[in-house]
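Welcome! Please take a moment to look over the sequence and the model before reading on.

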Amino acid sequence: MTTETMKYINNLMGSLSIPYAFMEWKSKPPGDRYFVGEYTETQMATLEEDGRQETTFILRGFTRGDWGLLEKDKTAIEKSVAVTTILPDGTGLAIFYGGGYPVPTGDAELKSIKINLTIQEWKVN
């Protein structure tokens, strides 16, 4: 995953007013909810041929408030990610919503949701 794509995700979450950090939240969490992101790249057999890299980007949301906060964010993300664009570094980018579901936390007050995004990048170099 390119750093430009990571910036794109960060900017997307900011535009949706969803508190977000990559991998871990390093400060005191906001009062209502927050999300962290991580990714898993798939080894592409045709990378040398067409420059395509596929990645599953996982957004994990947390709240001690109402489930509705996380569900509202899930809906906003789902509506916003059906995107194809060319990034400033020339990378072609396609993002697709891959589903979301509640995740048990082991803490009766802490609620969590996991949202999967499928990201395809085409690098020009």
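Here is a short briefing on this structure, grouped by topic.

This is a predicted model, in which local features need pLDDT of at least 70 and side-chain atom pairs count only at pLDDT 80 or more, while totals for chains, interfaces and linings use all residues. Residues are numbered from 1 along each chain as its sequence is written, and side-chain values use heavy atoms, with hydrogens and water left out. The protein has three helices and six strands.

**Overall build**

- Going along the sequence, the elements come in the pattern α-β-β-α-β-α-β-β-β; helices (H or I, at least four residues) and strands (E, at least two) are DSSP runs, numbered from the N terminus.
- The radius of gyration is 15 Å, which agrees with the value near 14 Å for a compact globule of 125 residues; this radius is taken over C-alpha atoms, and the globule rule is 2.2 Å times the number of residues to the power 0.38.
- Along the principal axes, the C-alpha atoms fill a box of roughly 50 × 25 × 25 Å.
- Of the contacts between residues at least 6 apart in sequence, 59% join residues at least 24 apart, where contact means heavy atoms within 4.5 Å.

**Surface and interior**

- Buried residues make up 40% of the 125 residues; buried means under 20% relative accessible area, exposed means over 50%, and partly exposed is in between (1.4 Å probe, protein chains only).
- The accessible surface comes to about 7100 Å², and 50% of this surface belongs to carbon and sulfur atoms; such areas come from the Shrake-Rupley method with a 1.4 Å probe, and for residues only the protein chains shown count as cover.
- Phe22, Met23 and Tyr39 make a nonpolar surface patch of about 270 Å². Patches are made of residues with over 30% relative accessible area and no salt bridge, with like charges joined within 9 Å and nonpolar side chains (Val, Leu, Ile, Met, Phe, Trp, Tyr) within 5 Å.
- Within this patch, Phe22 belongs to strand S1 (residues 20-22) and is partly exposed at 32% relative accessibility.

**Aromatic rings**

- A search of the whole structure turns up three aromatic pairs. Rings of Phe, Tyr and Trp (its six-membered ring) pair if their centres lie within 6.5 Å, and planes under 30 degrees apart count as stacked, over 60 as edge-to-face and the rest as tilted.
- Trp25 and Tyr34 form a tilted pair, because their planes are at 45°, with the ring centres 5.2 Å apart.
- Trp25 is partly exposed at 21% relative accessible area, whereas Tyr34 counts as buried at 18%.
- Ring pairs also bring in Phe62, so that Trp25, Tyr34 and Phe62 are linked into a cluster.

**Salt bridges**

- Side chains of opposite charge can pair when their charged atoms come close.
- The structure holds seven salt bridges, each a side-chain nitrogen of Lys or Arg within 4 Å of a carboxyl oxygen of Asp or Glu.
- One of them joins Glu4 and Lys7, whose closest N and O atoms are 3.5 Å apart. The two residues are three apart in helix H1 (residues 3-15), so about one helical turn separates them.
- Glu4 is buried, with 18% relative accessible area, while Lys7 is partly exposed at 48%.
- Another salt bridge pairs Arg33 with Asp73, with the closest N and O atoms 2.7 Å apart. This pair links distant parts of the chain, as Arg33 is in strand S2 (residues 33-42) and Asp73 is in helix H3 (residues 67-80), 40 residues apart.
- Shared partners join Asp32, Arg33 and Asp73 into one network of salt bridges; here Asp32 pairs with Arg33, their closest N and O atoms being 3.1 Å apart.
- In this network, Arg33 is buried at 11% relative accessible area, Asp73 is buried at 5%, and Asp32 is partly exposed at 33%.

**A closer look at Leu69**

- Where does Leu69 lie? Leu69 is in helix H3 and counts as partly exposed, at 29% relative accessibility.
- Leaving aside residues up to four places away in sequence, Leu69 touches Asp32 and Thr63.
- From C-alpha to C-alpha, Leu69 and Glu121 are 31 Å apart in space, and they are 52 residues apart in sequence.
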